[in-house]
Amino acid sequence: MWKGFIGKLSGKAPKSGGGGGGGGGWSSPPSKSPTSYGANGGQWDPMRSSPPLPVVAGAEGDTREDVFLRKVTVCCVLFDFSTDRVGRDSPERERKRQVLMSLVDCVGAAEEPLTEAMVSACVGMFAINLFRVFPPKVRPGAGGAAEADEDDPFFDPSWYHLQVVYELLLRFVMSPVVDVKVARKYVDNSFISRLLDLLDSDDPRERDCLKTVLHRIYGKFMGNRPFIRKAVSNILYRFVSEDDHHNGIAELLEVFGSVISGFAKPLKEEHKLFLCKALIPLHKPKAVGMYLPQLTYCITQFIDKEPKLSGTVIRGLLKYWPVTNSQKEMMFLGELEEVLELTEMPEFQKCMVPLFRRVAHCLNSSHFQVAERALYLWNNEHVFNLISRNHQVILPIIYPALERNARLHWNQSVLNVTMNVRKMFFDMDQKLLLACQKKFQEEEEKQAESEERRRLIWEHLERNAAFHPVAGDISFAVTKSAPLVAPTMT
């Protein structure tokens, strides 16, 4: 016991034997916590500007592994960037950054495979530096720190070191000298799960780095792919059903867009379930505009792999179609057009009736951009071909909306496009258009007769009420009740 205690105070850097020879996970750091001890094992004064860093220079007889592990040990010391009492240019902070950059060059230029101790130490260092509680979203003010606006981008003050750590992690994952079988012992499901949690960071630079790193991990560590897909599904489930807030949904979908493009045909049932249970419900949250381009790309990739899924997607869009949010409705119409471009005739015919009932509602929207965007569906060549081959079913559904627009809509641009669409249908089938017009006029006459009949009935009731007023001799039986007596105090 005394020998171990004296060894801590000796100031020598730890040897490589404790780094990873026993096969421990990434959670075992190669050095003591910097909050109480420095990397050399000596106690440091918390009032100092920063914890002391160990000596990196290699002694005579040191191996490549020894020098590498000493550098990793230096990078395991953390610094507090949340206060301004020490500037960014402090020697200790700058030294750690320089050591991190040297490790980046070392891993990038390495020709010999990294040993298991080196891999274990690296992953442990990544865990110490990256897996943290996110700093509060504040901005410096005249009187101190103030909460930042939600729309303003937030930049983590510790990015000075984190940027190089992410660069090293990316080089580590991509490097051919890192044996996948060895690395999988440490880059396990727990490590990947905590990386996914970091995607909720407020800093867009960190999310962008994580997006690249996760994509490389998915490509290299094939044994972890099912877990990554399941973990991403769980994040999306929580976002839709519980939290309704997550900063990294767009980045997750961007990663999965390239993943979906690599799915083999025919699609597995697991992948179809991911589309139906995770991707389509993402149209429900109010913040769908933040990630809609990435979501649309993922969905179109699924349809490109299996065109029969287009009907499922269209019915999902109709299920989550917005009613009172015009901006969201315009985004849905844009996505609908992209989906229809990939839709084949059999799938289109299965869902065209409910689809064009919804389009008819959009045509009569008082928001001119919604009505105009719906009318522009006819400008798409593939959509126009689908409509023209099924105009016998679609025209009777859509004609009343076109007629009301032509008569009542306030916007001149919508009126002009409406008349162009009517002319298209007239050129397709003049006889059917005239029949729809006649039917519309008959329904209008019936509605006018019904309204007139209702008006006459109300007038008759009002006259009867005027000639026969309610009698004033209605009496109500009131029973006598015992008088209330105040309670006495005893």
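What follows is a chat about a predicted model of a protein.

User: Hi! What is the make-up here, in helices and strands?

Analyst: Hello! In this predicted model, the protein has 21 helices and two strands.

User: How many residues are there, and what share of them counts as buried?

Analyst: There are 490 residues, and 42% of them count as buried.

User: And the surface: how much area is exposed, and what do carbon and sulfur atoms supply?

Analyst: The protein exposes about 27500 Å², with 55% of that supplied by carbon and sulfur atoms.

User: What about contacts with a separation of 6 or more: what share comes from residues 24 or more positions apart?

Analyst: Such residues account for 74% of those contacts.

User: Ok, on to the inside. Which residues touch the most other members in the largest nonpolar core?

Analyst: That core has 127 residues, and the ones touching the most other members are Phe 126, Leu 130, Phe 172, Leu 195, Leu 279, Phe 356 and Ile 398. As general background, nonpolar side chains tend to be buried together in soluble globular proteins.

User: Let's pick Phe 356. What is it in contact with, leaving aside neighbours within four places in sequence?

Analyst: Phe 356 is in contact with Phe 348, Trp 378, Ile 387, Ile 394, Ile 397 and Ile 398. Phe 356 counts as buried, at 2% relative accessibility.

User: Nice. How many aromatic pairs does the structure hold?

Analyst: The structure holds 13 aromatic pairs. One of them joins Phe 356 and Trp 378: the ring centres are 6.3 Å apart and the planes are at 70 degrees, so this pair is edge-to-face.

User: Where do those two sit in the chain?

Analyst: Phe 356 is in helix H16 (residues 345-363), while Trp 378 is in the loop between helix H17 (368-375) and helix H18 (381-388). The two are 22 residues apart, so to speak of distant parts of the chain being linked is fair. Trp 378 is buried too, at 2% relative accessibility.

User: Which residues form one aromatic cluster with them?

Analyst: The cluster is made of Phe 348, Phe 356, Trp 378 and Phe 425.

User: Before we leave the rings, what is the geometry of the Tyr 399 and Phe 440 pair?

Analyst: Tyr 399 and Phe 440 are edge-to-face, at 6.2 Å centre to centre with 80 degrees between the planes. Tyr 399 lies in helix H19 and Phe 440 in helix H21, so the pair ties together parts that are 41 residues apart in sequence.

User: Are those two buried or exposed?

Analyst: Tyr 399 counts as buried at 1% relative accessibility, and Phe 440 is buried with a relative accessible area of 6%.

User: Switching to charges: how many salt bridges are there?

Analyst: The structure holds 19 salt bridges. One of them is between the side chains of Arg 132 and Glu 206, at 2.8 Å from N to O. Arg 132 is in the loop between helix H5 (116-130) and strand S1 (138-141), and Glu 206 is in helix H9 (residues 204-220), 74 residues apart.

User: How accessible is each partner there?

Analyst: Arg 132 counts as partly exposed at 23% relative accessibility, whereas Glu 206 counts as buried at 0%.

User: Which residues are linked in a network of salt bridges?

Analyst: Glu 403, Arg 407, Arg 422 and Glu 444 are linked that way. In one bridge, the closest N and O atoms of Arg 422 and Glu 403 are 3.4 Å apart. Arg 422 lies in helix H20 (residues 412-428) and Glu 403 in helix H19 (residues 391-408), so this bridge ties together parts that are 19 residues apart in sequence. Both Arg 422 and Glu 403 are buried.

User: And what about Arg 407 and Glu 444?

Analyst: Arg 407 and Glu 444 form a salt bridge with the closest N and O atoms 2.8 Å apart. Arg 407 lies in helix H19 and Glu 444 in helix H21 (residues 430-467), so parts that are 37 residues apart in sequence are tied together. Arg 407 is partly exposed with a relative accessible area of 45%, and Glu 444 counts as partly exposed at 32% relative accessibility.

User: Last topic, cysteines. How many disulfides does a search of the whole structure find?

Analyst: The search finds zero disulfides.

User: Why does Cys 75 have no bond to Cys 76?

Analyst: The sulfur of Cys 75 is 7.1 Å from the sulfur of Cys 76, its closest cysteine sulfur, and that is too far for a bond, because a disulfide needs the sulfur atoms within 2.5 Å. Cys 75 itself counts as buried at 0% relative accessibility, and Cys 351 counts as buried at 1%.

Notes. Residues are numbered from 1 along each chain as its sequence is written. Side-chain values use heavy atoms; hydrogens and water are left out. Buried means under 20% relative accessible area, exposed over 50%, partly exposed in between (1.4 Å probe, protein chains only). Helices (H or I, at least four residues) and strands (E, at least two) are DSSP runs, numbered from the N terminus. Contact means heavy atoms within 4.5 Å. Accessible areas come from the Shrake-Rupley method with a 1.4 Å probe; for residues, only the protein chains shown count as cover. A nonpolar core is a set of buried Ala, Val, Leu, Ile, Met, Phe, Trp, Tyr and Cys residues joined through side-chain atoms within 4.5 Å. A salt bridge is a side-chain nitrogen of Lys or Arg within 4 Å of a carboxyl oxygen of Asp or Glu. Rings of Phe, Tyr and Trp (its six-membered ring) pair if their centres lie within 6.5 Å; planes under 30 degrees apart count as stacked, over 60 as edge-to-face and the rest as tilted.
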